[in-house]
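Let's take a walk through this structure together, one chain at a time. Keep the 3D view open as you read.

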Amino acid sequence: MEEEKKQLTLVLGVIGADVHAVGNRILEYALTEAGFKVVNIGVMASQEEFINAALETDADAILVSSLYGHGEIDCRGLREKAIEAGIGNIKMYVGGNLVVGKQDWAEVEKKFLAMGFDRAYPPGTMPQQAIDDLLRDFGFTQKC
Amino acid sequence: MELALLIDFGSTYTKVTAVDVESAEVIATARGLTTVETSILEGLEQALEGIKPHFAGALPEFQHRLACSSAAGGLRMVAIGLVKELTAEAARQAALGAGARVLGVFAHQLTAAEMEQIDAGCPDIILLAGGTDGGNRDTILHNARMLAAARCGSTIIVAGNKSAAEEVRDILVQAGKDVRVTANVLPELNKLNVEPARETIRRTFLEKIVEAKGLRRAERYIQGVLMPTPAAVLNAAKLLATGTGEEPGWGQLVIVDIGGATTDVHSLAEGYPTRSGVTFKGLPEPFAKRTVEGDLGMRVSALSLLETVGARKLAAIAGRPEEEVISYVHAVHDNVELLPANENQWKIDTAMARVAADLAMERHAGTLETAWTPMGAMYIQHGKDLTRVPYLIGTGGVIVNHPNPREILQGALYRQEQPTILRPQTPRMMLDKDYILAAVGLLAEVKPTAALRLAKKYIVEI
C-alpha cells in the first residue's frame, strides 16, 4: 500500500448463529499481513454488531463470512441498516458457503449483489483474491 | 501511635472513623448531620465530638486526615459517546467507576433538545467520548461544537478518538470551557480503557468540584477530600480483591451497597464464561465494575422501588397486607430518618432491602442467551459471569444495622428459575459490620496494607 494513503479499515466477522472460527482467524491474519487494519468482531456476529463496529471505527469496508448455509437469511437487510446508520456507501463483501447444496453460483452471486453487496465469493476462494479486489476497489494500483 | 481520621461527607450524615493504623483497629466511629448549606464544618465538628470520649475527652494528633464526599448531590456527570453499546457505554462505565452520579448518557450527534436536557441537569463534569482511535471523527467534532454553546457544564473531559481530540479541545477552549484531554475510553473496538479517564475525573474532582461543593473549608481540618464516596468504596473493593505487595487479597468478590437513594453493586471479577460452548459478546467488561440503580433505595427512592416491584409482590415477600406496605413506604419516603419501630415494619424494611439486592444484582450480572444453530443450542454471554465468585459482601445502612443481614443478601443470589442470569451461586456471605468500606478506600491511598488488614478484620462472615 502507498504510504501517503490512509490505511484501510475493515470490519470482519462471521454472521448469524454461525460458530466457524478457523476461517475467520485465517482471514484476519491474511488481511492484517496485507496491511489492512482489521477490526475482527468474531463469530456469531449480528448485523447490528457489523454496523456499530463500522460506525465507531469509521471503517472502509465490511467483510461478512457465512459458512453454515443460512447466509441468505442472515445477510438480508444489512445494506438497508447501513443506510439507516448513515454509512450507506460503505463497501460490503460476502463469502463462504453462502447457500445450502449445489446451487448455480451465478444465481447465488446475483442474489447477493441485489442485496447490496459489492462483491460475493464462492466456496474455495483464496484470501488473496479478496485482498486484490479490495486494493482495486479502493484505487490502489500497487500490489503489496 | 499512628492514627488516621477518615471522614465520609454523605448526603445526610457526616461519618467519622478513627483508626489505629499499626494494629489495624477501629478506635471509634461517630456521625453528625451533613451541613453543606451552612458550613460543612458544623456537622464535622458535631461528629468529632462523638469520638472525643474515646480519647479521654480531647482529640489526639491524627497523622492522616482524609475524606470522601457524596454531599451536595455527589459528583454529577453526563457521558457522551457515538454508538450506545460501544463508546457511550464505555464513557458511562468510566464515569460510574470514578464514583459519579450519571445524570444522562447520550449517543450519536447531540440534538438541540438533548443540549437542553444537559443544561437543565447542569452536570459538574461532562465526559465526551466517541470513535475508536483513528475511527469516526464527525460525531465527536459535532458534539464538541454543540457543547461549546452549552450554558452549563464548563468542565469537559475528552476521552474519544485521538485523531480528533486536539481539534475537539480547540473548539471547546475557544468557547471558554475548561478542557482536559485524556486517553480514549475505547481505543480499539475490543479494548476498553477506562482507567485514564477515571483518573482524570478524580483529579478534576479534587481541583474543582471540592471547591464548588463548599468542601474547601473542611481542608483546614483535613489533608484533602480525595474522592467521591462511591469511588472510595470501589477503591476498597479493589484493594480487598487484589491485595498489596505485602499481603494477598481475597480474590474475586461482589459488593452490594443498599443506600437510601440508590443501590450500588461493585464486582471485582473478570467475569469470563465459566462453561464451555459459551461465546462472549459485546463490550469487554472492566475488572472493577460499578453499577448504580437510582430507582432502588430504602428512603429517598422508596417510592420508585415500590413502583418498580409492585405493591403486591413486595407485600407477598414481607408477608404483610398491601395497604400496610404502601403506607409504610410512603412514611419512610416522606421522613427519611424514620427507622422500623416494630416487627411488622422490620418485615417490610427487610423485604424492600431484599428486592433492592435482587434487582440490582439482576441488572449488574451478565446474562446467557440461547441461540439455536445447525449444531444445536449455543450460548451467548453478555456481561460478567459471576456464578463462581467466592465472596458476596453486604454494606449500607439497612444491611449493617439488620438483625439478620443474610436474609437480605440472599436476594442477590443465583436462582434456579432464572438460569440465564449469571449471579453468584454459592459465595461466602460477608458483612461490613462497622460500615468501614469507604474508610478503607481512603486509608488505602496512604497505607494500603494497613487498610487491607482493617478490611479483613472488620468484614466478617455471616
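## Starting inside chain A

Strand 1 of chain A, residues 9–15, has six of its seven residues buried, so it is largely enclosed by the rest of the structure. Keep in mind as we go that this is a predicted model.

What does this strand pair with? Strand 2 of chain A is one partner: the two run parallel and share six bridges. Strand 3 of chain A, residues 61–66, is also parallel to strand 1 of chain A, and five bridges join them. If you'd like one residue to hang this on, pick Val11(A). Val39(A) is its bridge partner in strand 2 of chain A, while Ile62(A) stands opposite Val11(A) in strand 3 of chain A. To get from strand 1 to strand 2 of chain A, follow helix 1 of chain A, residues 22–33; the three elements form a right-handed β-α-β unit.

Now for the contact between the chains. Chain A puts in 12 residues and chain B puts in 19. On the chain A side, the elements that give two or more residues are strand 2 (37–45) and helix 2 (47–57) of chain A. Helix 2 of chain A supplies the largest share of that side, with five residues. Sorted by class, the chain A side that touches chain B holds eight nonpolar residues, two polar ones and two charged ones.

Over to chain B, which is divided into three domains. Domain 1 takes in 3–72 and 213–222, domain 2 covers 76–207, and domain 3 is made up of 239–298, 354–446 and 457–461. Measuring between centres over C-alpha atoms, domain 1 and domain 2 of chain B are 34 Å apart.

Have a look at strand 5 of chain B, residues 76–80. Four of its five residues are buried, leaving the strand mostly covered. With strand 6 of chain B, residues 101–106, strand 5 of chain B pairs in the parallel sense over five bridges, and there Met77(B) has Val102(B) as its bridge partner. The route from strand 5 to strand 6 of chain B goes by way of helix 2 of chain B, residues 87–97, and this β-α-β crossover is right-handed. Strand 5 of chain B also pairs with strand 7 of chain B, residues 125–128, again parallel, over four bridges. In that pairing, Ala79(B) is matched with Leu127(B).

Further along chain B, you'll find an open sheet of three strands in the order 13-16-15, with mixed pairing. Its edges are strand 13 (278–281) and strand 15 (367–373) of chain B, each pairing on one side only. From one strand to the next, the twist averages 35°. Strand 15 of chain B runs antiparallel to strand 16 of chain B, residues 376–382, and seven bridges join the two. Within that pair, Thr370(B) stands opposite Tyr379(B) of strand 16.

One last stop: helix 10 of chain B, residues 322–334, which contains Ser327(B). Is Ser327(B) buried or exposed? Count the other C-beta atoms within 10 Å and you get 11; a residue with 12 or fewer counts as exposed, so Ser327(B) is exposed. Its C-alpha atom is separated by 13 Å from that of Arg299(B), and the two residues are 28 residues apart along the chain.

Key. Residues are numbered from 1 along each chain as its sequence is written. Chains are lettered from A and ligands numbered from 1 in the order in which they are written. This is a predicted model: local features need pLDDT of at least 70, side-chain atom pairs count only at pLDDT 80 or more; totals for chains, interfaces and linings use all residues. Domain bounds come from an automatic or database domain assignment. A residue is buried if 20 or more other C-beta atoms lie within 10 Å of its own, exposed if 12 or fewer, and partly exposed in between; C-beta atoms are placed from the backbone. Two strands pair if DSSP finds at least two bridges between them. Axes are lines fitted to C-alpha atoms, for helices over the stretch in contact, and angles run from 0 to 180 degrees between N-to-C directions. Two residues are in contact if their C-beta atoms, placed from the backbone, lie within 7 Å. Ala, Val, Leu, Ile, Met, Phe, Trp, Tyr, Cys and Pro count as nonpolar, Asp, Glu, Lys and Arg as charged, and the others, Gly among them, as polar. A crossover is right-handed if, with the strands pointing away from the viewer, the path from the first strand over the helix to the second runs clockwise.
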